Amino acid sequence: MRPMKIHAFSKAATALLLLLVVVMLLRIPLNYEHSKSDFQSGCEDRSLAPDHALNARLQPFETMPENVGDALSAILKKRSNSRATFVQIGANNGVMFDPLYPHIKTKKSAWIGLQVEPQPVLFSSLAVLHADAPDWAFYHGALVSPKLCINGTLPFCETKTPGEGTWLTQGQLNSVFERDSTIGCNPRFMHTKLRPCVTSFDQLIGNHASPVFLKHALHKSKLSNSRFNIDFLQIDVEGKDYEVLKMINWDTLYPQCIHYEHSHLDKLTDEPSARQDLEEKGYTLVKGEYDVLACLIVTKSKNAT
């Protein structure tokens with residue numbers, strides 16, 4: 001009888017062990033789904049977005065920064081144990097009209113950047129300037145809507161004077177020079193050049209950011225979709241800033257702060273639309289003379305002037 005009891009006990013113990021394993025396996029996806037649901041609700045439910053910490057990495061500020069310098073400092077303070085990330089659309093030469101440079105030039109090792117600039121002369125200066133920045137990446141091209149990016153290229157108006165570069169695409173002549181954009185490039189001092197382009201932030205970051213950038217910014221969901229949790233998004237594309245803002249897929253990109261130029265936007269259409277879109281996503285805005293800073297903060301707030 002003893003062998004039979006031992007055998008019966010062994011079978012019971014094995015069954016109990018298998019049951020425990022099954023329970024543990026079932027609990028893992030349930031907990032994951034719960035956290036995933038919380039994460040998505042903070043990004044997609046407009047009523048929750050201002051008060052909801054999007055995840056352990058991307059946490060809203062307690063108070064709204066007053067300017068770019070304050071925002072960058074606050075980000076670094078939160079990232080004391082890891083490096084912060086930024087994406088810059090329209091990086092110019094890295095210094096001229098660059099609101100980031102004064103604040104990051106001595107702290108490059110604390111940041112991981114992806115800088116985008118289509119103009120060859122400006123891009124060359126940019127890449128040389130930040131050649132010593134560890135794990136940064138540079139995209140020599142433009143981020144534009146699919147209707148403008150034909151076969152992976154975009155027409156740019158560039159000066160004929162050697163060594164000079166201008167930032168104007170054919171679609172931006174109207175907003176900057178108040179000309180009919182259908183005239184294209186002025187042949188007296190400009191010619192048309194084709195530059196590379198991408199049509200989404202997912203394509204830009206996924207294909208052109210450094211591996212270390214992705215390691216810090218990438219959030220994987222159970223369905224293998226990716227969310228890029230970047231700390232700072234800088235946009236300066238001379239009148240097309242709202243077009244770039246509209247290209248954000250909020251299911252895959254949710255920056256801690258966004259800084260863009262409003263001075264070239266249409267005051268009756270694009271400027272208020274950009275403001276409304278960001279407010280609805282939970283951002284608090286501070287408007288300057290030329291630019292707007294939008295950040296996620298803990299408390300709900302109707303935005304500043």
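This report describes the fold, the buried cores, the aromatic pairs and the disulfides of a predicted model.

**Overall make-up**

The protein has nine helices and twelve strands, and buried residues make up 43% of its 305 residues. Of the contacts between residues at least 6 apart in sequence, 69% join residues at least 24 apart. The exposed surface comes to about 16,000 Å², of which carbon and sulfur atoms supply 57%.

**Helix α4 and the cores**

Helix α4, which spans residues 120-129, has Leu-122, Phe-123 and Leu-126 buried. These three cover an arc of only 95 degrees around the axis, and they therefore lie on the same side of α4. The buried residues of this helix pack against two strands, β2 (111-116) and β3 (137-139).

In soluble globular proteins, nonpolar side chains tend to be buried together. The largest nonpolar core in this model has 38 residues, and those with the most contacts inside it are Phe-201, Ile-258 and Tyr-260. A second, separate core has 19 residues, including Val-68, Ala-71, Leu-76 and Cys-295. When neighbours within four places in sequence are left aside, the residues in contact with Ile-258 include Leu-233, Ile-235, Leu-245 and Ile-248, and among them are also Trp-250 and Tyr-283, two residues that return in the next section.

**Aromatic pairs**

Searching the whole structure gives five aromatic pairs. In one of them the rings of Trp-250 and Tyr-254 have their centres 5.0 Å apart and their planes at 65 degrees, so the pair is edge-to-face. Trp-250 is buried, because its relative accessible area of 15% is under the 20% cut-off. Tyr-254 is also buried, with a relative accessible area of 1%.

The ring of Tyr-254 also pairs with that of Tyr-283; here the centres are 6.1 Å apart and the planes are at 10 degrees, so this pair is stacked. The stacked pair links distant parts of the chain, since Tyr-254 belongs to the loop between α8 (241-246) and β10 (257-261) while Tyr-283 belongs to strand β11 (residues 283-287), 29 residues apart. Tyr-283 is buried, with a relative accessible area of 1%. Elsewhere, ring pairs link Phe-86, Trp-111 and Trp-136 into a cluster.

**Disulfides**

A disulfide is a covalent bond between the sulfur atoms of two cysteines. The structure holds two disulfides, which the table sets out.

| Disulfide | S to S distance | Angle about the S-S bond | Hand |
|---|---|---|---|
| Cys-149 and Cys-197 | 1.9 Å | 90 degrees | right-handed |
| Cys-257 and Cys-295 | 2.1 Å | 110 degrees | right-handed |

Cys-149 lies in the loop between β4 (142-143) and β5 (153-159), whereas Cys-197 lies in strand β6 (residues 190-198), so the disulfide between them ties together parts that are 48 residues apart in sequence. Both Cys-149 and Cys-197 are buried.

The disulfide of Cys-257 and Cys-295 likewise links distant parts of the chain, with Cys-257 in strand β10 and Cys-295 in strand β12 (residues 291-296), 38 residues apart. Cys-257 counts as buried at 0% relative accessibility, and Cys-295 counts as buried at 0% relative accessibility as well. Cys-295 thus brings two topics of this report together, for this residue belongs to the second core and is joined by a disulfide to Cys-257.

Notes. Residues numbered from 1 in each chain as written. Predicted model: local features only at pLDDT ≥ 70, side-chain atom pairs only at ≥ 80, totals over all residues. Heavy atoms only, no water. Buried < 20%, exposed > 50% of the residue type's maximum accessible area, 1.4 Å probe, protein only. Helix = DSSP H or I, 4+ residues; strand = E, 2+ residues; numbered from the N terminus. Arc of directions from axis to C-beta. Contact = heavy atoms within 4.5 Å. Core = buried A, V, L, I, M, F, W, Y, C linked by side-chain atoms within 4.5 Å. Phe/Tyr/Trp six-rings, centres within 6.5 Å; stacked < 30°, edge-to-face > 60°. Areas by Shrake-Rupley, 256 points an atom, 1.4 Å probe, with all protein chains shown as cover. Disulfide = S-S within 2.5 Å.
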